[in-house]
Number of protein chains: 2
Amino acid sequence: MNSKTSHCKIVDCTIRDGGLVNNWDFSVEFVQHLYNCLNDAGVEYMEIGYKNSPKLLKGADSAGPWRFLDDEFLRKVIPQKLNTKLSALVDIGRVDENDILPREQSMLDLIRVACYIQDVDKALELVQLFHDRGYETTLNIMALSNVMEHQLLEAFEQINNSVVDVVYIVDSYGSLKPNDFSHLVDKFRTHLPNKRLGVHTHNNMQLAFANTLIAAEKGVELLDASVYGMGRAAGNCTTELLVANLKNPKYKLRPVLDMIETYMIPLREKEEWGYIIPYMITGMLDEHPRSAMALRDTPDKDKSVDFYDKLTTPEVSHSK
Amino acid sequence: MNSKTSHCKIVDCTIRDGGLVNNWDFSVEFVQHLYNCLNDAGVEYMEIGYKNSPKLLKGADSAGPWRFLDDEFLRKVIPQKLNTKLSALVDIGRVDENDILPREQSMLDLIRVACYIQDVDKALELVQLFHDRGYETTLNIMALSNVMEHQLLEAFEQINNSVVDVVYIVDSYGSLKPNDFSHLVDKFRTHLPNKRLGVHTHNNMQLAFANTLIAAEKGVELLDASVYGMGRAAGNCTTELLVANLKNPKYKLRPVLDMIETYMIPLREKEEWGYIIPYMITGMLDEHPRSAMALRDTPDKDKSVDFYDKLTTPEVSHSK
């Protein structure tokens, strides 16, 4: 494996996916320190937030600034861009075209569009827009564990006719085992011969790093991760494990350890993510972690037997 | 993968390996509840402790009774054996032959001998003793990531000439990646065509479950695990993930969740194991976690940058 991962690039999603944990309540100092650490570590991309429009989202007022990135603000946060490029994620239906500067006037290099399989067409329209404005683009297809074969084949056709640079396999529920993941990568590889691939994993069953490594070995290029695994519910593949294990002399672990020691350990005392039993249960059942997230907000947060009974008793279990 | 794991058997090591965390300070109620849960869950073996002799070990006085299992005591703990068999681990040089009853008079079904590669001959002598007294036996070769090819080939020859039932691949330092692990399993399979195989993993790099699954797929039969991953340092593959994911209708997750909810969550508040950065560092460096365990006992326990510097600066790093 080792010799076969030098083609990989890491996309650190600590701020964007981690923001789902703390409502994007990261200080400017936190984000600046992270940017410098990732740059020193050799990490190629930092996803610094969402580029959705606050006008198109409910409950936007309470969120931190990384929820709705503004170019002017970003220029103050990162007065000097270093080697690490900046990325933002958008959701379909939540982008205001007028917010998107041409790339040469923007701090962002990469814009990624997340969608479910049935919205691939809409997502590819957005991709075209970002592409025309000069950005690198990715299409991140979520919840692939719940997609039927014919839907996937139809999507592949649309993708092959699009300008998107990279197509992502997203294990939204953390439910895919190494074999499943390996099969998906092979399928994407076969059906999208001219597209580069990316993966985004979740750690519900402690498989995020293993699945990411397996994808890397199979030629997948963009690997999503977050420092100390910070991300919604069970969190993500960790940046430190990728930096420590991908074979590329440019990667340095020490700056990532600095970020963990200085900011992530204290943050983890206040906020929760990682391998926690209710998230393991939604992962094994291949469903969205929202029921487990709701449970973790109650005094019954560790009552996993009742939780398991509710999700697995047909007459009372909710639909996905 | 799924259809290929029905040959597997789980060996729960919560008491034995978990005892390395809390000096075997488990109450009788804890162990009884665990036994009943594992039996209800369909787990085949429970490793209930060590069968070393207290006369042959320093500092034995402070340890709980699971450190030096006594058959008379065991009969009180488990007055009625159910389907789950009982196992004990021994280390070479620490066994008093007089402690070992013939199997028909003992509560134990399986005795496992742990050793480093250079002591395989001594370990196989012990295996012969246990075999002659009627026990199932395994040979657990530790620290395989640090073993040279010619040592391994020599050991294979001795093992092929022995009566041992099962030979274990032990990733003592949690340093093996899926590819490494897969290669080792293939090598053992090729060179030990008439022996059954087992694996014991550690979770320093969040790979314990993934590596165990990969081994299971390749025909490995005995899979070590512990509830909630409790085990020294980064801990083990978790029993709940195996029970939830191995394809065998006999396995039931609910009793394992009961054990976690009732005993393991409160225990984890007092005792520490799991994915913790200093253990990740010793894992990636392929060395024993003792330096990280020492660090975790100091006020500097989260100062992983200094720790990393010490282990990676040639002039100051200690030998393994």
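## Pockets and symmetry of a two-chain model

In this predicted model, helix H9 (254-270) of chain A and helix H9 (254-270) of chain B each contribute at least two residues to the lining of the largest pocket. H9(A) provides the largest share of that lining, namely four residues. The lining of the largest pocket comprises 41 residues, and those nearest its centre are Arg268(A), Trp273(A), Arg268(B), Trp273(B) and Tyr275(B).

The second largest pocket has a lining of 34 residues, with Leu20(B), Tyr50(B), Asp91(B), Met142(B) and Arg232(B) nearest its centre. Helix H1 (14-22), strand E3 (85-91) and strand E4 (110-115) of chain B each supply at least two of the lining residues. The greatest contribution to this lining, four residues, is that of H1(B).

The volumes and the classes of lining residue are set out below.

| Pocket | Volume | Lining by class |
|---|---|---|
| Largest pocket | about 1,300 Å³ | 13 nonpolar, 13 polar and 15 charged residues |
| Second largest pocket | about 740 Å³ | 16 nonpolar, eight polar and ten charged residues |

As for the arrangement of the chains, chain B is superposed on chain A by a rotation of 180° with 0.0 Å of shift along the axis, at an RMSD of 0.0 Å. This is the relation of a two-fold axis. Of the interface residues of chain B, 100% are also interface residues in chain A, so the copies meet through the same surface.

In an unreviewed entry, UniProt lists residues 8-261 of chain A as "domain: Pyruvate carboxyltransferase". Residues 8-261 of chain A are 37% helix and 17% strand, and the end C-alpha atoms of the span lie 26 Å apart.

Technical notes:
Residues numbered from 1 in each chain as written. Chains lettered and ligands numbered in written order. Predicted model: local features only at pLDDT ≥ 70, side-chain atom pairs only at ≥ 80, totals over all residues. Heavy atoms only, no water. UniProt positions renumbered as here; feature names shortened; annotations may be inferred. Least-squares fit on C-alpha atoms with pLDDT ≥ 70 in both. Contact = heavy atoms within 4.5 Å. 1 Å grid on protein atoms, 1.4 Å probe; cavity = no way out; pocket = protein on both sides within 12 Å on 5 of 7 lines; lining within 4 Å. Points joined across faces, edges and corners; volume = space filled by probe spheres on them. Nonpolar A, V, L, I, M, F, W, Y, C, P; charged D, E, K, R; others polar.
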